[in-house]
Amino acid sequence: MFSLNDVSLEINEGQIFGLLGPNGAGKTTLISMLCGLVKPTSGHFSIHDLNYSHHASKIKKIIGVVPQEYALYPTLTARENLHYFGSMYGLKGSDLKDKVIETLDLLGLLKFADKQIETFSGGMKRRVNLIAGILHNPKVLFLDEPTVGVDVQSKNAIIDYLKVLNQNGTTIIYTSHHLAEAEDFCDTIAILDRGQIYAKGSPKTLINSTENARNLEDVFISLTGKDLRDDI
């Protein structure tokens, strides 16, 4: 894993911002810093005009985090999981109950609300994982591989729901290895490698500015190379 080196980014409110890079490029380090999970050794950042050095607790209240690994309790039902995570965000009573029902319904899971998570398919778990991170209506949502390992139907349901969240005002910061998905989903993309930003712009701009590039994958390979990034 590379440490970050002079990374400077400005992400505008309302964007769907893709942060792409090979394994070990520094994506997880950057996202972990922005979510408050890792303390930067130098530099600074702010979210919604809140500086992390002085307002870390306030920042954590306005962001949502959906990790790649399932952050769910397998022996609890979907409803029980979501009530637990919602209560951690300060939701309670009828507000929490209604929000859980609403989101489960929107993502096609309401009829499975009282089934244990361990009985769910990967796509179903991924959708519940997403709901757990957005119950409190975050202003900024961090997504790490939100559609990895799911069927096409679940992928479409997740992406469609994320687009609605964005249209309703949530800024989305998204990482993925699915470059075709990123090309369609994101309005702005930064390609990170070896701890540095190699390029930033809209998918169309990046493609047009890269010689012989037909799609975002061609841009990615042109900037980061073809060498394997296996690591142990």
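Arg214 is exposed in this predicted model. Its relative accessibility is 68%. The side chain of Arg214 meets that of Asp218 in a salt bridge, with 3.1 Å from N to O. Asp218 is partly exposed, at a relative accessible area of 21%. The pair therefore joins an exposed residue, Arg214, to a partly exposed one, Asp218.

The count of salt bridges comes to four. Among them is the pair of Asp114 and Arg79, whose closest N and O atoms are 2.9 Å apart. Asp114 lies in the loop between helix 4 and helix 5, and Arg79 lies in helix 3 (residues 78-88), so this salt bridge ties together parts that are 35 residues apart in sequence. Asp114 counts as exposed, because its relative accessibility is 52% and the exposed class begins over 50%. Arg79 has a relative accessibility of 23% and counts as partly exposed.

Lys163 and Asp184 also form a salt bridge through their side chains, at 3.8 Å from N to O. Lys163 belongs to helix 6 and Asp184 to helix 7 (residues 179-185), so the pair links parts that are 21 residues apart in sequence. Lys163 is partly exposed, with 30% relative accessibility. Asp184 is exposed, at 57% relative accessible area.

Arg79 also takes part in a helix contact. Helix 3 and helix 4 pack with their axes 10 Å apart, at an angle of about 130 degrees. The two helices are therefore oblique to each other. The crossing of helix 3 and helix 4 is right-handed. On the helix 3 side, the contact is made by Ala78, Arg79, Leu82, His83, Gly86 and Ser87. Helix 4 contributes Leu96, Lys97, Val100, Ile101 and Leu104. The residues of this contact between helix 3 and helix 4 divide into six nonpolar, three polar and two charged. Arg79 of helix 3 thus appears both in this contact and in the salt bridge with Asp114.

Helix 4 (residues 93-106) also holds Thr103. Thr103 is buried, because its relative accessibility is 0% and the buried class covers values under 20%. With neighbours within four places in sequence left aside, Thr103 is in contact with Ile131, Ile134, Leu135 and Tyr161. Two of these partners, Ile134 and Tyr161, recur in the contact of helix 5 with helix 6.

Helix 5 (residues 122-134) and helix 6 (residues 152-167) have axes that come within 9 Å and cross at roughly 15 degrees. That angle makes helix 5 roughly parallel to helix 6, because angles under 35 degrees fall in that class. The crossing of helix 5 and helix 6 is right-handed. From helix 5, Gly123, Met124, Arg126, Arg127, Leu130 and Ile134 take part in the contact. They meet Ser154, Ala157, Ile158, Tyr161, Leu162 and Leu165 of helix 6. The residues of this contact between helix 5 and helix 6 divide into eight nonpolar, two polar and two charged. Ile134 in helix 5 and Tyr161 in helix 6 are each in contact with the buried Thr103 of helix 4.

Note on methods: Residues numbered from 1 in each chain as written. Predicted model: local features only at pLDDT ≥ 70, side-chain atom pairs only at ≥ 80, totals over all residues. Heavy atoms only, no water. Axes fitted to C-alpha atoms, helices over the stretch in contact; angles between N-to-C directions. Helix = DSSP H or I, 4+ residues; strand = E, 2+ residues; numbered from the N terminus. Parallel < 35°, antiparallel > 145°, perpendicular 65-115°, else oblique. Left-handed = near helix turned anticlockwise from the far one by under 90°. Contact = heavy atoms within 4.5 Å. Nonpolar A, V, L, I, M, F, W, Y, C, P; charged D, E, K, R; others polar. Buried < 20%, exposed > 50% of the residue type's maximum accessible area, 1.4 Å probe, protein only.
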